[in-house]
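Work through the exercises below with the sequence and the coordinates open. Each task is followed by a solution in steps.

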Amino acid sequence: MAAPSPPLLPTTAVPAAVPTAATPAPAPTAVSSADADPAAARAFLSRHLDSVRRALSGARPWTELLDRSALSRPESLADATSRLRKNLAYFRVNYAALVALSLAAALLAHPFSLAALLALLAAWCLLYLLRPADAPPIAACGRTFSDREVLGGLIAASAFVVFLTSVGALIFSALALGAAVVCLHGSYRVPEDLFLDEPDQAANGASPLLSFIANATGGRV
């Protein structure tokens, strides 16, 4: 008689490992410098406000500028030139404010020109003036642009807006009108009662425009 076969033990089939697609690792992202943008903007505005505040602190009283009793017709061209030179040294801040007021009034009367200048200013601030030093290069159209190339593009765009559009004609007209008013007042204002202090005479030899640009841009341009 044949021996009985041993009982079958229960077995479990181990399923074969199904190959799964590897989960892609998160791409490394560069450390963003966006947190530095508000600080850079505040420093930029602070430099501007400090420069404007220092410039306006040297303004003469407007009643002294508009004193009608001190106006008289110059006797000659040499007299008008001498008056203008002295008045420019004494009322330089007031005259600069008058020219800026003329430019602001012209821009407010032409919204398109104002919008174009604001867009140009925003491009300068976002792409160059307010960009952190550790910011990655600007990428567009499949290539990256260095700071020198960005600066060249901004200069080219500024030249196009100022010289090849009506914006430039408006700016030059407003500046010419302001300069004409300054020259007319400076040649008719009798400067005998005007005295320059020594600090004012020393500051008159400096270039306030270059100082303002250097302070505003932090020496980048």
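The protein has 221 residues, of which 22% count as buried. The model is predicted.

**Exercise 1. Overall layout**

Task: State how many helices and strands the protein has, and give their pattern along the sequence.

Solution.
Step 1. The secondary structure amounts to 9 helices and 2 strands.
Step 2. Along the sequence these elements follow the pattern α-α-α-α-α-β-β-α-α-α-α.
Step 3. For contacts between residues at least 6 apart in sequence, 80% join residues at least 24 apart.

**Exercise 2. The pair α5 and α6**

Task: Describe how helix α5 packs on helix α6, and classify the residues of the contact.

Solution.
Step 1. Two packed helices are described by the angle between their axes and by the distance between those axes.
Step 2. Helix α5 covers residues 111–129 and helix α6 covers residues 147–163; the angle is about 175° and the axes are 11 Å apart.
Step 3. Angles over 145 degrees count as roughly antiparallel, and α5 and α6 are therefore roughly antiparallel to each other.
Step 4. On the α5 side the contact residues are L120, A123, W124, L127 and Y128, and on the α6 side they are D147, V150, L151, L154, I155, A157, S158 and V161.
Step 5. By class, the contact of α5 with α6 has 11 nonpolar, 1 polar and 1 charged residues.

**Exercise 3. The pair α5 and α7**

Task: Decide whether α5 and α7 are roughly parallel or roughly perpendicular, and list the residues that meet.

Solution.
Step 1. The axes of α5 and α7 are 10 Å apart, at an angle of about 100°.
Step 2. The range from 65 to 115 degrees counts as roughly perpendicular, and α5 and α7 are therefore roughly perpendicular to each other.
Step 3. S113, A116 and L117 of α5 make the contact with S166, V167, L170 and I171 of α7.
Step 4. In the contact of α5 with α7 there are 5 nonpolar, 2 polar and no charged residues.

**Exercise 4. The pair α4 and α7**

Task: Give the geometry and handedness of the crossing of α4 with α7, then the make-up of the contact.

Solution.
Step 1. Helix α4 spans residues 92–109 and helix α7 spans residues 166–188; their axes come within 8 Å and cross at roughly 145°.
Step 2. The crossing of α4 past α7 is right-handed.
Step 3. From α4, the residues in contact are Y95, V99, S102, L103, A106 and L107; from α7, they are L170, I171, A174, L175, L177, G178, A179, V182, H185 and G186.
Step 4. The contact of α4 with α7 divides into 12 nonpolar, 4 polar and no charged residues.

**Exercise 5. Nonpolar cores**

Task: Which residues make up the largest nonpolar core, and which element gives the most to this core?

Solution.
Step 1. The largest nonpolar core has 9 residues: L120, W124, Y128, L129, V150, L154, V161, V167 and I171.
Step 2. The elements giving two or more residues to this core are α5, α6 and α7.
Step 3. α5 gives the most to this core, with 4 residues.
Step 4. Not counting residues up to four places away in sequence, V161 touches L120, V167 and G168.
Step 5. Another core, of 5 residues, lies apart from the largest one and includes L65, Y90, F91 and V182.

**Exercise 6. Three partly exposed residues**

Task: For S82, Y188 and A180, explain the accessibility class of each, and give a C-alpha separation for each.

Solution.
Step 1. The partly exposed class lies between the buried limit, under 20% relative accessible area, and the exposed limit, over 50%.
Step 2. S82 is located in helix α3, residues 77–90. S82 counts as partly exposed because its relative accessibility is 22%. The C-alpha atoms of S82 and P191 are separated by 9.2 Å, with their positions 109 residues apart along the chain.
Step 3. Y188 belongs to helix α7 and is partly exposed, with a relative accessible area of 33%. The C-alpha atoms of Y188 and N87, 101 residues apart along the chain, are 9.6 Å apart. Leaving aside neighbours within four places in sequence, the contacts of Y188 are A70, L71, S72, R73, P74 and R83.
Step 4. A180 is in helix α7 too; A180 has a relative accessible area of 44% and is therefore partly exposed. The C-alpha atoms of A180 and V99 are separated by 9.4 Å, and the two residues are 81 apart along the chain.

Note on methods:
Residues are numbered from 1 along each chain as its sequence is written. This is a predicted model: local features need pLDDT of at least 70, side-chain atom pairs count only at pLDDT 80 or more; totals for chains, interfaces and linings use all residues. Side-chain values use heavy atoms; hydrogens and water are left out. Axes are lines fitted to C-alpha atoms, for helices over the stretch in contact, and angles run from 0 to 180 degrees between N-to-C directions. A crossing is left-handed if the near helix is turned anticlockwise from the far one by less than a right angle, and right-handed if clockwise. Contact means heavy atoms within 4.5 Å. Ala, Val, Leu, Ile, Met, Phe, Trp, Tyr, Cys and Pro count as nonpolar, Asp, Glu, Lys and Arg as charged, and the others, Gly among them, as polar. Angles under 35 degrees count as roughly parallel, over 145 as roughly antiparallel, 65 to 115 as roughly perpendicular and the rest as oblique. A nonpolar core is a set of buried Ala, Val, Leu, Ile, Met, Phe, Trp, Tyr and Cys residues joined through side-chain atoms within 4.5 Å. Buried means under 20% relative accessible area, exposed over 50%, partly exposed in between (1.4 Å probe, protein chains only).
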